[in-house]
Structures are given as structure tokens and as C-alpha cells.
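Here are a few short exercises to work through with the model open beside you. Try each task before reading its solution.

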Amino acid sequence: MAFLSSTFAQIFLPFRLQIIVFIAVCCANTPVYSQGSGLKDAISNTKTTIDSTAKLQLRKVIVVGNRKTKSYIILREMQVKVGDSVIVSNIPAILEVSRNFIYNTTLFVQVSLSPIIIDSANFDINVDVVERWYIFPIPVFQLADRSYNEWIEKYNASLARVSYGLRFYHKNASGRNDQFSITLINGFTRNVSFTYKAPYSNPSLTEGVSAEGGLSQTREIPFKTSDKNNIIYFKNDRFVKNEWFIGGAYISRKGLKKRETFTLGFRHIKVDDSILAVSNNPNFFNSDKASQNFPELEYKLQFIDVDNIIYPLKGYAATFIINKRGLGITGNINRLTLRAVYNLYFTYQRKWYSSIRISGEVKLPFDQPYYNSRALGYRDDYLRGDEYFVIDGVVSALAKFDLKKEALRFNVPTFLKSKTYGRIPFIVYAKTFFDIGYSYIQPEFDTRLNNRFLYSGGLGIDVLTLYDLKISIEYSLNQLGQKGLFLHN
């Protein structure tokens with residue numbers, strides 16, 4: 001599993017390409033954590049003596065720097081509103097919470113909040129923002145495999161397994177934090193898709209909508225998992241899977257922390273008939289039909305209160321999902337999924353941090369086809385050190401523990417004549433981690449990693465740069481005694 005230096009260099013080739021593109025497009029859109037000039041400065045600038053236990057009324061909020069974003073989108077994220085009365089000693093904490101929520105819209109590269117004491121009864125708040133670039137035409141370099149490690153280790157970094165194309169984003173189309181994207185991909189797979197999300201579509205900014213749709217084709221799909229937890233692929237010179245989907249969602253966010261999403265979609269999938277053969281996997285759909293059509297309904301409830309939604313160091317985030325695939329109760333690909341994820345982030349002195357991520361998922365009924373049985377080894381649900389394996393299941397649980405310290409912080413000049421974009425900040429965190437997991441599957445589909453306690457651990461570093469680009473380099477040891485160097489973004 002361990003990589004040689006030459007292999008490790010190859011793994012960075014796609015990332016070097018992405019970094020060059022992001023530098024050119026984003027011009028170092030990196031967050032700057034700034035609360036403002038502070039309460040002491042605001043009080044010192046007024047001739048009135050202010051008691052820290054006194055209450056001041058917010059007279060107005062002055063927003064500057066927002067050329068595209070509507071001011072009311074920024075004001076919506078503030079914990080305090082015009083007309084509210086605030087105890088003087090509580091003002092710094094309120095400003096910091098408001099700054100976090102404004103920054104977590106991902107609309108700005110800098111957010112600064114400063115109080116302005118008017119007199120013994122009133123104060124203003126100055127909100128100074130620097131907008132990020134919202135339009136991103138980004139080249140796509142997409143692998144057929146689940147990770148760069150698998151692509152290099154198993155397929156010698158073959159370019160024949162690469163899809164390429166263009167993804168166009170507009171992340172603030174009307175200035176209301178609405179997001180639009182179009183994707184065009186060719187190569188190993190073909191994909192044409194679009195998404196549009198308008199999170200604030202009503203006057204009170206509490207409701208929104210989204211829509212998406214697309215077509216895709218691929219020359220290879222996983223159709224079975226081996227008893228050693230390796231994916232077995234079915235491939236052909238022609239496309240072996242054709243799929244189209246369409247969907248829409250209603251979004252509700254009546255407060256700052258709570259979000260609800262109701263999604264309805266419809267999907268059509270057709271695979272090569274040979275996949276369902278007895279010699280391959282007749283359990284792929286739990287049906288002898290290679291073509292499947294089904295609706296999908298989902299309810300998602302989220303609570304988010306973190307300092308930085310991209311790389312949290314303090315706060316919590318919780319998600320609960322109920323998903324129903326298909327209209328029936330049994331048979332074919334009908335599935336009811338209950339999923340929960342809880343994240344806790346802790347900040348200590350001397351730039352030490354820790355985090356805990358706990359997730360669990362149940363699929364009902366337990367008699368699920370292979371298509372519906374993904375568990376550990378997909379999305380963020382994997383044990384570090386088990387990146388090469390997939391562990392299917394109908395009940396799964398995972399816990400991840402991290403302890404990290406900020407080890408390095410530096411800037412690289414861009415030689416641009418700009419106070420905002422004249423440098424590229426880098427932050428490096430050194431970390432140690434430990435993961436535990438479990439995935440239950442029915443006995444007839446048991447593998448060496450199913451239905452047993454799993455664990456792994458290791459050391460690594462996280463590198464943050466270019467606004468939302470994170471690279472993790474991790475050296476892991478798993479429960480099988482295997483060890484290796486892994487890369488994630």
C-alpha cells in the first residue's frame with residue numbers, strides 16, 4: 001500500500017492542475033478571520049462613559065463592500081437586528097457569532113464587524129465585506145475510481161480511466177446567494193447536468209427552492225463486492241449504464257442554525273443485461289429487469305453552528321435524513337433509509353483542536369439489492385486506512401476522532417497589486433486520528449470486514465489554501481495490519 005516517491009508525485013498531478021486553475025480563477029480567495037476594531041476602540045471613540053452592564057439599542061447596521069450581494073442577505077445572517085437592545089459586555093460575542101454566520105454563506109473572502117458607540121443609549125454596527133469571485137469556469141479531471149490511491153495502485157494512473165470536461169458555476173447569480181451550475185463531461189463517462197438553488201425566494205428570506213437534472217453514461221460500473229471487500233467492475237467498450245434524473249426541493253430556514261429540505265426526484269437507470277446473469281449478480285436490482293424507474297423522496301434536517309463551514313474548528317453540526325426510494329414496501333429497489341450524522345469541534349489553548357464525527361445508517365427492509373447496499377467506503381463514510389475497501393451493509397455506524405495542532409502558517413505572494421489578492425495564505429495542521437466502525441449485512445453476503453468491529457488510526461497533515469481547497473495527507477494503519485499513505489481533498 002505504501003507509495004514510492006515517484007508514485008506520490010503522480011498522485012499530485014491532478015492537484016497541481018487544480019491549484020493552478022484555482023489561482024488563476026480565484027486569485028487566492030482565502031478567508032481572513034476578522035471581527036473588527038473591537039468594543040474598547042468603539043467606546044474610546046465616544047466621549048460618553050459606558051457601563052459594561054448597560055444596555056444599548058442597535059440604531060442601524062452599515063454594510064459596505066458588497067457590490068453584487070444584496071445587503072438584506074447579509075443582514076439576514078446577523079444575530080442582532082435593528083431595534084434590539086444588547087448588554088454592552090455581550091456585544092463582542094454577538095458580533096463574532098454574526099460574523100461566523102455571514103462568512104459561512106461562502107459569499108465573502110473577508111468579513112469584519114465593528115461596533116460604533118453613538119451615545120449612552122445607542123450603537124451602530126459596521127459590516128465590512130470583501131466578495132469572492134462568483135463565476136468559475138473550471139476544467140474537470142474526474143477519475144472512474146473512488147480515489148487517487150485506487151487509480152494509481154490498481155490501474156497505473158491510466159488516462160483511459162479519466163473523464164474530462166468543463167463545469168461552470170455562478171455562486172451568486174442574482175445577489176441573493178442563488179447558485180447555478182452546468183456540467184459537461186466526456187471521456188470514460190459522459191455527463192450533462194445542471195443545478196439551480198435559490199435558498200431565499202420569499203420576502204421574509206425563510207424559504208427557498210432548488211432544481212436539478214441530467215443525463216449520464218459510463219463504460220464501467222461496480223456490480224459485485226468480493227469476499228475480501230474489493231469492488232468488482234463490469235466493463236465493456238460500449239456504455240454499460242445509462243441514466244437520467246430530474247428533481248426539485250423546497251428549503252426552509254426560519255432561524256440561523258436550523259435548516260430543513262424536502263426533496264422529490266425521479267430516476268431512470270438501464271444497465272447491460274449481462275450484469276443480471278447468474279454468473280454475475282442477479283441480486284443487482286433484485287429483479288430480472290435491467291431497466292428501473294423509481295421516484296425518490298427525502299427529508300433532511302440540519303443544525304449548523306460552526307465557526308467555519310469549510311473547515312470547522314469550533315461548534316457543532318448535526319444532520320438527520322429520512323429517504324424513501326421507490327413507492328413499494330418490498331421488492332426491487334424499494335428502500336427506506338434513516339441516517340444521522342453528528343459533528344463536534346473543540347478549540348483549546350496554544351492552537352490545539354479536536355473533533356468527533358459520529359454517523360449511523362439503517363436501511364429497511366434488510367433484504368436489499370446490491371444497488372441499494374452501499375455503506376462504509378463511500379462519501380465521507382470510510383475508515384482512514386481502509387480506502388481500498390468497500391463494506392456493504394444495511395446497518396452501519398462510524399466514529400472518527402481527530403486531535404490536531406496548527407503547525408505552520410505562511411503566505412505566498414501572487415505579485416498582484418491588490419491588498420486582497422496579493423498573497424496566497426497557507427495553513428498546515430498536524431494531526432493524529434483514530435476511527436472505529438461496523439457494518440451489518442445478511443449472512444449470505446458476509447465478507448471478511450462485515451459483521452465485525454473495525455478500527456484504524458494514524459498520523460497526517462491538513463493543508464488549507466485558496467478559500468475552499470483542502471488537501472489531507474495521511475499515514476494509516478488498519479485492523480488488518482495494512483498500512484499506507486493516502487491523499488484526500
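Let's call a residue buried when its relative accessible area is under 20%, exposed when over 50%, and partly exposed in between (1.4 Å probe, protein chains only). The model is predicted: local features need pLDDT of at least 70, side-chain atom pairs count only at pLDDT 80 or more, while totals for chains, interfaces and linings use all residues. Residues are numbered from 1 along each chain as its sequence is written, and side-chain values use heavy atoms, with hydrogens and water left out.

**Exercise 1.** Find out which stretch has pLDDT (the predictor's confidence in each residue, from 0 to 100) below 50.

*Solution.* Start with the average: the protein comes out at a pLDDT of 88, and 89% of the residues score at least 70. Next, look at residues 1-35, where the pLDDT is below 50. Where pLDDT is low, don't read the predicted coordinates in detail.

**Exercise 2.** Work out whether Glu406 is buried or exposed, and where its salt-bridge partner Lys351 lies.

*Solution.* First, check the pair: the side chains of Glu406 and Lys351 meet in a salt bridge at 3.5 Å, N to O. That fits the cut-off, a side-chain nitrogen of Lys or Arg within 4 Å of a carboxyl oxygen of Asp or Glu. Second, place them, taking strands as DSSP runs of E with at least two residues, and helices as runs of H or I with at least four, numbered from the N terminus. Glu406 sits in strand β19 (residues 395-413) and Lys351 in the loop between β17 (335-347) and β18 (352-364), so the pair ties together parts 55 residues apart in sequence. Third, compare with the cut-offs: Glu406 has a relative accessible area of 9%, so it is buried. Lys351, at 44%, counts as partly exposed.

**Exercise 3.** Now try Arg325 and Glu296: which strands does this pair link?

*Solution.* Their side chains form a salt bridge at 3.4 Å, N to O. Arg325 belongs to strand β16 (residues 315-325) and Glu296 to strand β15 (residues 291-306), 29 residues apart. Arg325 counts as buried because its relative accessibility is 12%; Glu296 is buried too, at 16%.

**Exercise 4.** Which residues share a network with Glu361 and Lys363?

*Solution.* Begin with the bridge between Glu361 and Lys363, 2.9 Å from N to O. Glu361 is buried at 5% relative accessibility, and Lys363 is buried at 2%. Then follow the shared partners: salt bridges join Arg339, Arg357, Glu361, Lys363, Arg379 and Asp381 into one network.

Technical notes
Contact means heavy atoms within 4.5 Å.
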